[in-house]
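Hi everyone, thanks for making time this morning. I'd like to walk you through one structure, so have a look at the screen.

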Amino acid sequence: MSALYLYPRWLRVWHWINALLFLVLMYTGASMHFGGGGRLMPFDLAVTVHNTAGILLTLGWIGFVVGNLRTENGRHYRIQGAGFVDRLIVQGRYYAQGIFRNEPHPFHVSAGMKFNTLQQLSYLGVMFGLMPLLIISGWSFLFSVALPETLLGLPSVWLVAMAHLAIAYLLVLFLLVHIYIITTGETLTTNLRAMITGWHREDAPGSDPREEAKS
């Protein structure tokens with residue numbers, strides 16, 4: 001059994017707060033989209049809660065970026081160019097076929113790299129692509145009175161709202177895939193426990209019994 005400390009406290013705190021805020025945003029977003037009623041939140045209250053959660057999500061995202069710039073955790077998101085395509089193909093094939101044939105995982109977590117290439121790409125795309133777009137469109141919607149009447153020949157408020165909604169749907173899709181990937185560790189709960197305790201543990205014959213990353 002090997003144990004690697006890969007998830008520092010600040011990252012775990014951010015992760016779970018971010019997850020909670022995302023669920024609140026999904027619920028309040030649906031409440032606003034469908035006008036409240038039933039099990040949904042009343043529209044006016046949903047607007048207030050949604051805006052508050054959006055502001056907190058923005059602050060959290062800034063904290064995530066600063067945290068990765070100021071600690072060694074950021075190295076896990078740096079993609080190595082050598083063998084990139086081969087690693088991508090191997091990892092994609094494993095998720096598409098190998099995992100259903102009980103084949104050994106082609107990537108092994110280490111202190112130097114805790115994400116496989118496909119995870120790196122998805123996290124980079126979400127945290128540095130979709131999240132900034134979600135935040136920008138959200139703030140634009142919040143201060144829509146400052147928007148021009150039209151953008152690209154279309155009503156600007158409608159355009160921003162549709163962009164915000166489309167990005168939100170993509171992030172919900174990512175969340176579903178993320179939850180599924182969590183279950184693909186050595187056991188169903190290996191990855192979940194790592195994000196709770198900070199320690200990634202797995203049987204790894206030949207590896208050091210206990211190694212602690214510096215981050």
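I'll start with the overall fold, then turn to the record, the two pockets and a patch on the surface.

One thing up front: this is a predicted model. The chain has six helices and five strands. Reading from the N terminus, the order is β-α-α-α-α-β-β-α-α-β-β, so to speak the whole plot in one line. Along its principal axes, the C-alpha trace spans about 65 × 35 × 35 Å.

Now, what does the record say? UniProt, in an unreviewed entry, puts a feature called "domain: Cytochrome b561 bacterial/Ni-hydrogenase" at residues 7–198. In the model, that stretch is 66% helix and 2% strand, and its end C-alpha atoms are 4 Å apart.

The unreviewed UniProt entry also lists "transmembrane region" at residues 12–30, 50–69, 123–145 and 157–183. Let me take two of those. Residues 50–69 are 100% helix and 0% strand, with 29 Å between the end C-alpha atoms. Residues 123–145 are 87% helix and 0% strand, and there the end C-alpha atoms lie 33 Å apart.

On to the pockets. Which residues lie nearest the centre of the largest pocket? They are Gln119, Tyr123, His178, Ile182 and Asn191, out of 45 residues in the lining. The elements giving two or more residues to that lining are helix H1 (9–33), helix H3 (84–96), helix H4 (117–142), helix H5 (156–182), helix H6 (190–197) and strand S4 (199–202). H1 provides the largest share, with eight residues. The volume of this pocket is about 1,200 Å³. If you care about the chemistry of the walls, the lining has 29 nonpolar, twelve polar and four charged residues.

The second largest pocket comes to about 880 Å³. Its lining is made of 29 residues, and nearest the centre you'll find Leu25, Gly29, Met32, His50 and His164. Here H1, helix H2 (43–70), H4 and H5 each supply at least two lining residues. Which element gives the largest share of this lining? That is H2, with eight residues. By class, the lining of the second largest pocket divides into 21 nonpolar, eight polar and no charged residues. Compare that with the four charged residues in the lining of the largest pocket.

Last stop, the outside. There is a nonpolar patch on the surface formed by Ile55, Leu56, Leu59, Ile62, Val66, Trp139, Leu142 and Phe143. Together they have about 680 Å² of accessible area. H2 and H4 are the elements that give two or more residues to the patch, and H2 gives the most, with five. If you want to find the tryptophan on screen, Trp139 lies in helix H4.

So what should you take back to the bench? H2 is worth picking out on screen: it gives the largest share of the lining of the second largest pocket, and it also gives the most to the nonpolar patch. For H1, remember the eight residues in the lining of the largest pocket. Thanks, and I'm happy to go back to any view.

Key. Residues numbered from 1 in each chain as written. Predicted model: local features only at pLDDT ≥ 70, side-chain atom pairs only at ≥ 80, totals over all residues. Heavy atoms only, no water. 1 Å grid on protein atoms, 1.4 Å probe; cavity = no way out; pocket = protein on both sides within 12 Å on 5 of 7 lines; lining within 4 Å. Points joined across faces, edges and corners; volume = space filled by probe spheres on them. Nonpolar A, V, L, I, M, F, W, Y, C, P; charged D, E, K, R; others polar. UniProt positions renumbered as here; feature names shortened; annotations may be inferred. Patch = residues over 30% accessible without salt bridge, like charges linked within 9 Å, V, L, I, M, F, W, Y side chains within 5 Å. Areas by Shrake-Rupley, 256 points an atom, 1.4 Å probe, with all protein chains shown as cover. Salt bridge = Lys/Arg side-chain N within 4 Å of Asp/Glu carboxyl O.
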